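Here is a protein model to walk through together, one question at a time. Have a look at it first, and then let's see what can be read from it.

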Amino acid sequence: MSYRIGVDVGGSFTDFAVFDETNGHLATLKVFSRPDEPGAEITAGLTALKARDGLDPATVGYFTHGTTVGVNTVIQRNGHDLALFTTRNFEDVLQIARLKIPQIHNLYSVRPEPLIPRDRVFGIAERTLATGEVLVSPEREDVAAAVDAARRAGCKGIVLGFLNAYRNPDNESAVKAMIGEFAPELPVFSSAETWPIIREYERTITAVISGYVQPRVSRYLDRFETVLRQEGLACPLLITKSNGGVMGIGEARHDCVQMILSGTASGVIGAGYLAKASGFDKILSLDIGGTSADVAVIVDGEPQYGTGELIGDFQIHIPSVSVSSVGQGGGSIAWVDPLGMLQVGPDSAGSTPGPACYGRGGIRATVTDAVTACNLIGHMPLGYGAVTVDHAAARASLAPLADALSSSVEAVAGDIINISVSGMYAEVSGLISRFGIDPRDFHLFAFGGAGAMLACFLARELDMKGVVVPPTPGVVSALGGLIADLKNDFIRTVYCEVTAEGLAAVASPYAELGAQAEDWLHNKQGFEGEASVKVLADMRYQGQSYEIEVPLEGAWLDARNAAAVADAFHAEHTRLYGHASHAAPVQMVNLRLTISGATPKPGLLPLGLAEVPAMPRLEVEAWFDGKAVPTLVYHRTDLRAGHRFDGPAIIAQDDTTTVVPPDFVVLVDPFGNLVITLRVA
């Protein structure tokens with residue numbers, strides 16, 4: 001017997017998905033997260049699985065884990081104290097950045113302070129030309145002086161970000177070797193090694209973020225590995241990556257920038273797999289946990305990818321699952337600002353003390369407390385029995401806000417829900433514009449502990465086709481880590497015209513990327529199956545400032561088929577912007593190759609057909625749109641394929657609660673998904 005386990009550590013709960021390879025059974029579990037003692041939640045989960053299911057850790061053959069420790073380090077700004085060595089006279093690279101205002105419609109918007117302050121940035125007399133020719137090599141005395149200055153400033157690591165290092169990394173490599181002699185105790189993070197792309201700011205900030213989070217990530221992974229070994233797991237340990245794949249824990253310690261969106265990407269991968277297997281070709285995934293609501297576009301099971309995803313206040317320029325996040329989670333705290341306006345988030349109650357209704361010491365009102373005060377959840381145990389919802393505590397937490405706003409508890413609770421949904425709506429609108437999609441063609445695929453709670457309210461505002469709630473929505477992120485493929489990206493800046501001559505110059509970099517990719521998958525990861533390879537390029541019209549990502553066929557590059565490459569770019573430009581200039585010269589800036597090796601995946605088992613109408617467990621009075629409405633409460637385990645019933649309704653289950661407003665209707669599909677749509681008049 002062999003088990004495969006996927007774990008997702010969130011702000012409030014840690015989720016487990018356990019796949020038994022002998023019988024295809026998929027088991028799930030939730031336990032409270034322990035930010036005060038990382039690793040304790042893993043012990044608690046494995047102990048519970050051993051007691052409940054008889055799982056022997058020694059029989060686990062695959063273990064993967066998603067975490068938010070990297071992104072939280074940047075958001076909370078509690079990472080490593082770093083120095084930055086740049087090309088002399090380019091010391092202001094982090095301050096200048098891209099001269100963009102974070103909030104263009106806010107006259108008082110200010111740019112964030114860099115992760116490395118200006119007094120810890122030191123210029124090195126070196127220069128590499130755009131052609132890759134080294135014009136000035138670094139001198140030992142110059143580097144030694146910069147290292148001494150960094151030490152005096154209390155820096156614990158050094159980032160190297162030299163001009164044109166993407167074209168030729170020799171100067172960065174030379175300085176890294178010198179630092180190893182002068183200060184072997186200081187870790188060095190080279191921009192050319194981290195992600196060798198054109199544009200010094202994008203390359204530098206990516207290396208800075210990598211160095212900034214590395215010590216905390218490394219300590220976390222050390223603790224994680226120690227706990228698992230103590231529990232008896234002997235299998236290789238994997239970490240989910242920002243690009244939706246997985247990598248070994250050893251690689252993750254050193255290349256931690258690749259896992260900075262680890263936890264977020266896992267949910268999107270899980271949602272894409274479930275949606276495709278269930279026959280939903282176009283979805284927006286909605287993952288609402290305790291801290292945030294994360295939304296992604298998924299077409300035919302494939303998430304949309306991009307670079308420049310926002311990590312706290314900064315963009316990181318590695319390939320990542322494109323996710324928009326807003327601080328509107330189930331644990332987001334409601335408060336009244338100095339002007340007397342009700343606000344929600346971004347601060348979260350987390351798991352400790354958590355929402356007031358959890359009975360763990362929380363006293364500040366959260367979104368979950370607002371939903372509880374509307375009597376929409378808490379009629380049956382939650383969190384696999386870990387939570388018994390306290391309605392009185394939820395109302396007590398809302399009372400001070402109601403007093404401050406001269407309103408009722410129910411009215412304030414409804415306002416909190418509306419504000420939370422409004423924040424999600426604004427974020428999703430930007431994602432819709434970015435990818436040029438029509439939400440009326442998409443279902444909202446809701447998961448996470450609070451996704452099904454608020455999904456119908458958001459789908460109604462976006463005028464979507466409907467809402468899909470999978471059978472175990474609370475553990476989709478853990479499932480995503482369980483099914484994620486081995487995957488890595490390799491990039492080279494080629495900067496050429498899309499002509500036969502230009503593509504001839506791409507042949508050598510393309511071959512080198514292919515060799516690197518094959519070596520990584522088969523030799524470093526030990527994958528023995530057939531690899532899947534995708535070729536992409538960052539392309540633009542000559543004169544444009546930024547590029548778009550274009551999928552290509554490797555055969556086009558082999559044949560130097562400039563017409564096919566250009567046509568692919570024109571088609572993608574038209575899809576995104578509605579027009580193309582077929583006569584304009586086209587440039588290829590970056591060439592990227594993505595390689596992946598497939599992992600085993602559990603199949604979806606059909607749900608038994610309904611033989612009698614769906615029967616509710618009880619009827620309660622719940623608040624919708626400011627009115628008390630009689631509402632039927634169902635339990636998910638009682639529902640079968642073909643069951644159909646009207647809202648208002650509440651559907652309880654171990655890992656979440658689905659809220660169905662009065663104007664919606666519910667249908668249970670053959671795979672047990674709840675398909676919720678607006679009632680046709």
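Q: Is Val-217 buried or exposed?
A: Before we start: this is a predicted model, where local features need pLDDT of at least 70, side-chain atom pairs count only at pLDDT 80 or more, and totals for chains, interfaces and linings use all residues. Residues are numbered from 1 along each chain as its sequence is written, and side-chain values use heavy atoms, with hydrogens and water left out. Buried means under 20% relative accessible area, exposed over 50% and partly exposed in between, with a 1.4 Å probe and protein chains only. Val-217 has a relative accessible area of 1%, so Val-217 is buried.

Q: Which residues is Val-217 in contact with, leaving aside its neighbours within four places in sequence?
A: Val-217 lies in helix H7, residues 200–230; helices (H or I, at least four residues) and strands (E, at least two) are DSSP runs, numbered from the N terminus. Contact means heavy atoms within 4.5 Å. With those sequence neighbours set aside, the partners of Val-217 are Val-69, Gly-70, Ala-252, Cys-256 and Met-259.

Q: Which helix gives the most to the largest nonpolar core?
A: A nonpolar core is a set of buried Ala, Val, Leu, Ile, Met, Phe, Trp, Tyr and Cys residues joined through side-chain atoms within 4.5 Å. The largest one has 70 residues, and Leu-284 and Leu-454 are among those that touch the most other members. The top contributor, with eleven residues, is helix H12 (residues 409–435).

Q: How many residues are in the other core, the one with Leu-46 and Ile-209?
A: This core lies apart from the largest one. Val-213 and Ala-252 are also among its members. Its size is 60 residues.

Q: Why are the buried residues of H5 on the same side of the helix?
A: Helix H5 (residues 170–182) reaches 19 Å from its first C-alpha to its last, close to the expected 18 Å, where the expected span is 1.5 Å times one less than the number of residues. Its buried residues are Asn-171, Glu-172, Val-175, Met-178 and Ile-179. The arc is taken from the directions from the helix axis to the C-beta atoms. They sit on the same side of H5 because they cover an arc of only 125°.

Q: What is the order of the open sheet with parallel pairing?
A: Two strands pair if DSSP finds at least two bridges between them. Strand S5 (residues 82–87) and S6 run parallel and are joined by four bridges, with Thr-87 standing opposite Ile-124 in S6. The edge strands, each pairing on one side only, are S6 and S10 (188–190). The four strands come in the order S6-S5-S9-S10.

Q: Which residues of strand S6 are buried on each side?
A: In a regular strand the side chains alternate between the two faces of the sheet. Strand S6 (residues 121–124) has both faces covered. One side holds Val-121 and Gly-123, and the other holds Phe-122 and Ile-124.

Q: At about what angle does H5 run to S9?
A: Axes are lines fitted to C-alpha atoms, for helices over the stretch in contact, and angles run from 0 to 180 degrees between N-to-C directions. H5 lies across S5, strand S9 (157–161) and S10. Its angle to S9 is about 165°.

Q: Which residue is the bridge partner of Tyr-634 in S32?
A: Strand S30 (residues 627–635) runs parallel to strand S32 (residues 649–652), and four bridges join them. The partner of Tyr-634 in S32 is Ile-651.
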